[in-house]
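Please look through the structure below with the following explanation at hand. The route goes from one chain as a whole to the place where two chains meet.

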Amino acid sequence: MDGMNPDVKAERKALIEEVLSAYPEKTAKKRARHLNVYDEGKPDCGVKSNIKSAPGVMTIRGCAYAGSKGVVFGPLKDMVHISHGPVGCGQYSWSQRRNYYTGTTGVDTFVTMQVTSDFQERDIVFGGDKKLEKVIDEIHEMFPLNKGVSIQSECPIGLIGDDIEAVAKKKAKEHGKMVVPVRCEGFRGVSQSLGHHIANDAVRDWMLGKGKSKDFETTPYDVVVIGDYNIGGDAWASRILLEDMGLRVIGLWSGDATLAEIERGNKGKLNLIHCYRSMNYICRHMEEQFNIPWMEYNFFGPTQIARSLRAIAEKFDDKIKAGAERVIAKYQPMAEAVLARYKPRLEGKKAMLYVGGLRPRHVADAYGDLGIDIIGTGYEFAHSDDYQRTAHYIKDATLVYDDVTDYELEKFIDKMRPDLVGSGIKEKYSTQKMGVPFRQLHSWDYSGPYHGYDGFAIFARDMDMAINSPIWALNKAPWKAA
Amino acid sequence: MPQNALKIKDHIDLFNDPEYLEIFKRKRAEFEDMPSDDEVAKQAAYINSVEYREKNLAREALVINPAKACQPVGAAYCSAGFEGTLAFTHGSLGCAAYFRSHLSRHFKEPSAMVCSAMTEDAAVFGGLNNMIEGLANAYALYKPKMIAVHTSCMAEVIGDDLNSFIIQSREKGSIPEDFPVAFAHTPSFVGSHVVGYDNMMKSILSNFWEGKERKPGKGVNIIGGFDGYGVANAREIKDIIATMGIEGTLLSDVSDVYDTPADGSYRMYDGGTSLADTAKSLDAKATLSLQEWCSDKTLDYAKSKGQEVATFNYPIGLSGTDEFLMKLSQLTGKPIPESIARDRGRLVDAIEDSLAWIHGKSFSIFGDPDFVLGMTRFVMELGGEPLHLLCTNGNADWETKMKELLASSPFGAMGQVWKGKDLWHMRSLLATEPSDYLIGSSYGKYLEKDTGVPLIRIGFPIFDRHHHHRFPTLFYKGGLRVLVTILDKIFDTIDEKTKVSGISYDLTR
């Protein structure tokens, strides 16, 4: 790959300096470590990560509860997840991740429901354990077909010294159903990330290999897909490829998942992980405990999908290898037709990304397939291993920003004027007002799926509609346009 | 079959393709270990039963699908309506992210807010250092004219003292000595977003009023309260002030900040009640609130300063607006101008034209306390019959007032008041005793799906329809908009019902 023009690098470095100059000295020093211009060939992105956000700066991050209830547990469909504490956390996260599932909501599945213990002052003063017991009893009365309950702790729980583990054990025994206590209070850690980890630990300690789901026959082709939350149906567009190549997806964590799929998670021959950040912990545990190997894969865009299908097939016999080739051959003409339609409209466009713990790198080649260059990227809650993994995906002189603040992001967008920004709901409207096209890359902007070949077609369509909408040429009044 | 690149299907159609339906079936049969179809069918029927309704209504601790949010989001909304004001959440960082997302999803607008990013060490030692550093950063970076601090439940549980923290921050030089910082304790485990609005309003006013001598004038302050239609309704309020030629101040005016133009630049602050007007509002003759439950403490405070006060319950339509205007006229001595009378006449005219389609139809309504009061009253003016009137954040006083309202009209005879109940309760009510229509926020879409009662989307939040907040709901003109929204759904429902046979699928109605 050709190195970038040194002027571009110098310009971007100067831009970082300019942005930092707005901060008080102490904060500027802190923030400087999170911003960098990438030098090709370096093994990581040269930024610090997973560090406390500075107060007062409008970080885009969420909290541990968001990481546990919002990400890992929320999609698990046949359990009831209690937002344990005051009403707000559950209310703001209610039905917001579009974790699609099949089932009869309120009868055998519960994903799009907001179930809360709705703490009042007396619960804070006297403790909430009694109330929690009653909440669980009433859940079993209202939803007798539930497979279990998880307790998603909000901030006050850890501060008032409630013993939710004791309640969990007691109620699990009484009702003969699983109750999983999760200590994901929002003040723990520095972002969503610790919430993922805590949720993984809860899966390990309370769920994996436990419970009452019926045993079943395994085969040499059994895999568990981990870290796909089925946003807009992503996991289904992935599953169709894996099954088509001859594998058996015995569990899908946790998009459209049932408790049985979690409990049997240790019965696969291989764990396939998509969102490394949110679920690598449980993969490492299963590797140590059950000798189940795991591998990362990437189902965004035809280049990465084909590469991943072949890499997965490498772990199996010739039958599966042939299956992978068959699947690639089946979908490749469609992928090429999509590229033929959209690439000429998108080639040479520039995009900036700022997303969670996976997409800032995982989608880079999907954009690349469409001819779109990533000129800036960053993560809300990545760790250093994510930034190491990112180095393979990005080009020289890419601007990298960790835990970016709204202030920095706006300045970067304003100065670099990308053709597209991919980020979240909080960034969407300010970016569009600046006249810059935008797609939400957490929720797929209510579209999707974006995973798999079927998803790529939608991804391409959506990026084109964002970038090439006629509205962008009309956002200046003609009598004011220069 | 893979997608057709020339006719790309997204999730709305893709998952009806046979390949995907096959996947769902196989997954369920082989891996899910779900209850049998029989069990599911039995339970699905049971949750629609009267027996289930009784159990459901007997719940004491469990809350399912509540229609309320927590205090700080109300506080943040209130502070967004003041000139150059930056909302500041003192507490953990996820809260501000949630409040911002929640408001953005409704208004389809940016929602600026900072937080003090408290973590475990702050849980042990308190959040003083977070406040000191946070105020310094927010002031330097976002150059606000005022910072309005509210709390998340973490700060409340550990007992952080905002007043003392802000004083210490000033001493440390985080912000200039005279820089306005309003602050309100807004525990999420007390009340709801409407109380948070009240607490923040009182705190902002006291920030400007305390220590000042009141020089009683002729002006009137108006408080809109937490309102999903705050953008357009603020414009209606200001329009009335201008048309009547009165000296009036709308306290917390979000009409610009949640409705900025797209013209190439992002305005983090826009419009809002000026800080000068906020200071002057002490001298007003009276403060009127359009939402009683958003202004309890604020009006007590205004009263304590010598102002007259009056409250209304989200005046939609005729009588509510009549009362508000007459009070305004009485307080200011200004007559209600003919142009407003003509607006009234237009609403009456529209109701007369359409009454046949609404008269005698039953409506269930859920939402904030004042909204349910105002909407119930309007429905009765239209000849509709309120049925289940549910307010998760309604208290005993609200219940009493609702019952009085229902008793005031023969159209209220069927009305049942459900205080402190949630939308899973409403599900049982509609399943066993359905109304013809349901009025409420986007959360009601699950009720529509489960019970078949058509949802008329009016309330907060509206996430799944766009731009409704740009049109008013209050007063005569807002009433017209609400009337049209109700009628559109009624006509759509009739068309849907009749389109198969073609009988009654009429061109003119």
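The paragraphs below take up chain A, then two of its helices, and then the contact with chain B.

The model is predicted. Chain A contains 20 helices and 14 strands. The C-alpha trace of chain A extends about 70 × 60 × 45 Å along its principal axes. For 482 residues, a compact globule would be expected to have a radius of gyration near 23 Å, and chain A agrees with this because its own value is 23 Å. Of the 482 residues in chain A, 63% are buried. Among contacts in chain A with a separation of 6 or more, 73% join residues that are 24 or more positions apart.

Two helices of chain A show how burial appears at the level of single elements. Helix 3, residues 64-73 of chain A, is mostly covered, with 10 of its 10 residues buried. The buried residues of helix 3 of chain A include the glycines Gly67(A) and Gly70(A), as well as Lys69(A) and Ser68(A). Ala64(A), Tyr65(A), Ala66(A), Val71(A), Val72(A) and Phe73(A) are also buried in this helix. In helix 18 of chain A, which covers residues 406-416, the buried residues are Asp406(A), Tyr407(A), Glu408(A), Leu409(A), Glu410(A), Phe412(A) and Ile413(A). After helix 18 of chain A comes Arg417(A), which has a positive phi, near 40°.

The next step is the boundary between the chains. Here 99 residues of chain A are in contact with 82 residues of chain B. On the side of chain B that touches chain A, helix 6 of chain B gives the most, with 10 residues. That side of chain B divides by class into 46 nonpolar, 19 polar and 17 charged residues.

Helix 6 of chain B also takes part in a helix pair across this boundary. Two packed helices are described by the angle between their axes and the distance between the axes. Helix 19 of chain A (residues 425-433) and helix 6 of chain B (residues 93-107) pack at an angle of about 50°, and their axes are 8 Å apart. Helix 19 of chain A and helix 6 of chain B are therefore oblique to each other. Their crossing is left-handed. From helix 19 of chain A, the contact is made by Ile425(A), Lys426(A) and Tyr429(A), and from helix 6 of chain B by Arg100(B), Ser101(B), Ser104(B) and Arg105(B). By class, the residues of this contact are 2 nonpolar, 2 polar and 3 charged.

Conventions. Residues numbered from 1 in each chain as written. Chains lettered and ligands numbered in written order. Predicted model: local features only at pLDDT ≥ 70, side-chain atom pairs only at ≥ 80, totals over all residues. Axes fitted to C-alpha atoms, helices over the stretch in contact; angles between N-to-C directions. Helix = DSSP H or I, 4+ residues; strand = E, 2+ residues; numbered from the N terminus. Parallel < 35°, antiparallel > 145°, perpendicular 65-115°, else oblique. Left-handed = near helix turned anticlockwise from the far one by under 90°. Contact = placed C-beta atoms within 7 Å. Nonpolar A, V, L, I, M, F, W, Y, C, P; charged D, E, K, R; others polar. Rg over C-alpha atoms; globule rule 2.2 N^0.38 Å. Buried ≥ 20, exposed ≤ 12 C-beta atoms within 10 Å, placed from the backbone.
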